[in-house]
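Subject: Structure for you to look at, with notes

Dear colleague,

I am passing on a structure that you have not worked with before, and I would be grateful if you kept it open while you read. My notes follow after it.

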Amino acid sequence: MFKSCLTNASHTVASSSRSSLHTSAVLNARLTSKQVRREKVSKVQARINHKLAFDARREYAVLGHRPGQDHKWNSCDLAKAIITDTALYSDSSVPEIIHTPEGDIELPQHLNYGAAEEVKLLFDVLPPLSAQSGVTTFTGTVVTKVQEAMEGERAKANMFAKVLDLRNANSKGLAFENRRRCVQAFSPPGKQNDTGRPEVQAALLTMQIRGLWRHLLAFRKDIDNRRGLRHLIHERAKILKYLKKLDRDRYEAVLPRLGLEAASVEGELVV
């Protein structure tokens with residue numbers, strides 16, 4: 001009698017243990033797998049957020065302003081001074097017209113050589129002098145010969161203007177023209193072409209930094225230029241910190257002209 005009761009009790013305990021093992025263990029296992037998947041998703045999202053924050057800090061150190069504040073760069077003096085590929089090859093460029101008695105001379109919007117004085121000398125002063133020097137016989141038809149010579153010089157001037165178009169230059173020619181414009185824009189009025197001025201050096205470095213940044217956006221695996229970009233950013237920060245010690249008013253005046261914020265060149269720079 002006692003043995004039969006003991007046997008029945010053991011069967012009852014075994015069945016209850018099997019049922020608890022079959023239900024609660026699997027349920028706990030499913031809950032644990034859901035928790036693991038949830039933790040994996042949270043970790044992946046945390047890595048994505050960390051990368052986005054790091055890229056934002058890197059972009060801030062490179063561009064000098066917060067993401068989404070491109071108006072600071074578009075309205076600064078440096079952006080207005082340099083010529084980009086988009087502006088150079090756009091169809092909206094309107095040629096400059098030089099009116100002469102014999103006809104008009106069309107100049108491209110951007111020339112590969114010369115400032116305003118040289119342009120006036122080449123296209124306004126030189127053609128009449130060349131036409132007059134070509135007439136050697138002073139007879140009754142001298143006026144007709146001068147007019148014909150001026151027509152020829154006007155045609156030569158139009159062809160020469162097409163040769164001097166900046167769109168015919170390569171990347172080195174465009175970079176040279178942009179450097180010339182930066183030096184001219186940031187030099188003091190009484191001392192043109194002052195390449196040793198800190199403002200000029202900072203403007204040249206900012207132009208190089210933005211060019212390298214556009215290159216690295218297209219070629220993300222270019223490690224050598226990434227190191228070069230990091231070097232240029234620290235060089236710009238060093239020059240601006242020197243200018244801050246030298247003259248704080250000049251430092252605060254040049255930052256908006258370069259499209260930079262003070263926090264992008266001070267403190268720790270993450271590139």
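In which helix does Phe 123 lie? Phe 123 lies in helix α5, which covers residues 116–134; helices here are DSSP runs of H or I with at least four residues, strands are runs of E with at least two, and both are numbered from the N terminus.

Before going further, please keep in mind that this is a predicted model, in which local features need pLDDT of at least 70 and side-chain atom pairs count only at pLDDT 80 or more, while totals for chains, interfaces and linings use all residues. Residues are numbered from 1 along each chain as its sequence is written, and side-chain values use heavy atoms, with hydrogens and water left out.

Overall picture

The protein has ten helices and two strands, and from the N terminus its elements follow the order α-α-α-α-β-β-α-α-α-α-α-α. Of its 271 residues, 29% count as buried, where buried means under 20% relative accessible area, exposed means over 50%, and partly exposed lies in between, with a 1.4 Å probe and protein chains only. If one takes the contacts (heavy atoms within 4.5 Å) between residues at least 6 apart in sequence, 63% of them join residues at least 24 apart.

Phe 123

To return to Phe 123, its relative accessibility is 1%, and it therefore counts as buried. Leaving aside neighbours within four places in sequence, Phe 123 is in contact with Ile 98, Ile 105, Leu 107, Ala 157, Phe 160, Ala 161 and Leu 164. Its C-alpha is also 9.8 Å from that of Lys 156, although 33 residues separate the two in sequence.

The nonpolar cores

A nonpolar core is understood here as a set of buried Ala, Val, Leu, Ile, Met, Phe, Trp, Tyr and Cys residues joined through side-chain atoms within 4.5 Å. The largest one has 20 residues, and those with the most contacts inside it are Leu 78, Phe 186, Leu 240 and Leu 258. At least two residues of this core come from each of α7 (171–186), α8 (198–218), α9 (223–246) and α10 (248–258), and the largest share, five residues, is that of α8. A second, separate core has eleven residues, among them Ile 209, Leu 212, Leu 229 and Ile 239. As background, nonpolar side chains tend to be buried together in soluble globular proteins.

Two residues show how these cores are put together. Leu 258, again without its neighbours within four places in sequence, is in contact with Trp 73, Cys 76, Leu 78, Phe 186, Ala 202, Ala 203 and Thr 206. Leu 212, found in helix α8, is buried at a relative accessible area of 18%, and it touches Asn 225, Gly 228, Leu 229 and Leu 232, not counting residues up to four places away in sequence.

How α9 meets α10

The axes of these two helices come within 5 Å and cross at roughly 135°; axes are lines fitted to C-alpha atoms, for helices over the stretch in contact, and angles run from 0 to 180 degrees between N-to-C directions. The crossing makes α9 oblique to α10, given that angles under 35 degrees count as roughly parallel, over 145 as roughly antiparallel, 65 to 115 as roughly perpendicular and the rest as oblique. On the α9 side the contact is made by Leu 240, Leu 243, Lys 244 and Leu 246, and on the α10 side by Arg 248, Arg 250, Tyr 251, Val 254 and Leu 255.

The loop between α7 and α8

Ser 187 lies in this loop, and at 10% relative accessibility it counts as buried. A polar atom of its side chain lies 3.5 Å from the backbone nitrogen of Asn 193 and one lies 3.1 Å from the backbone nitrogen of Asp 194. Asn 193 belongs to the loop between α7 and α8 as well, but Asn 193 is exposed, with a relative accessible area of 55%, and its phi is near 60°, a positive value in a residue other than glycine.

The loop between α6 and α7

Asn 168 is placed here, with α6 covering 142–163, and its relative accessibility of 54% makes it exposed. The backbone oxygen of Lys 162 lies 2.6 Å from a polar atom of the Asn 168 side chain.

With best wishes

Note on methods: Polar contact = N/O pair within 3.5 Å; in protein donor to acceptor, adjacent residues only side chain to side chain.
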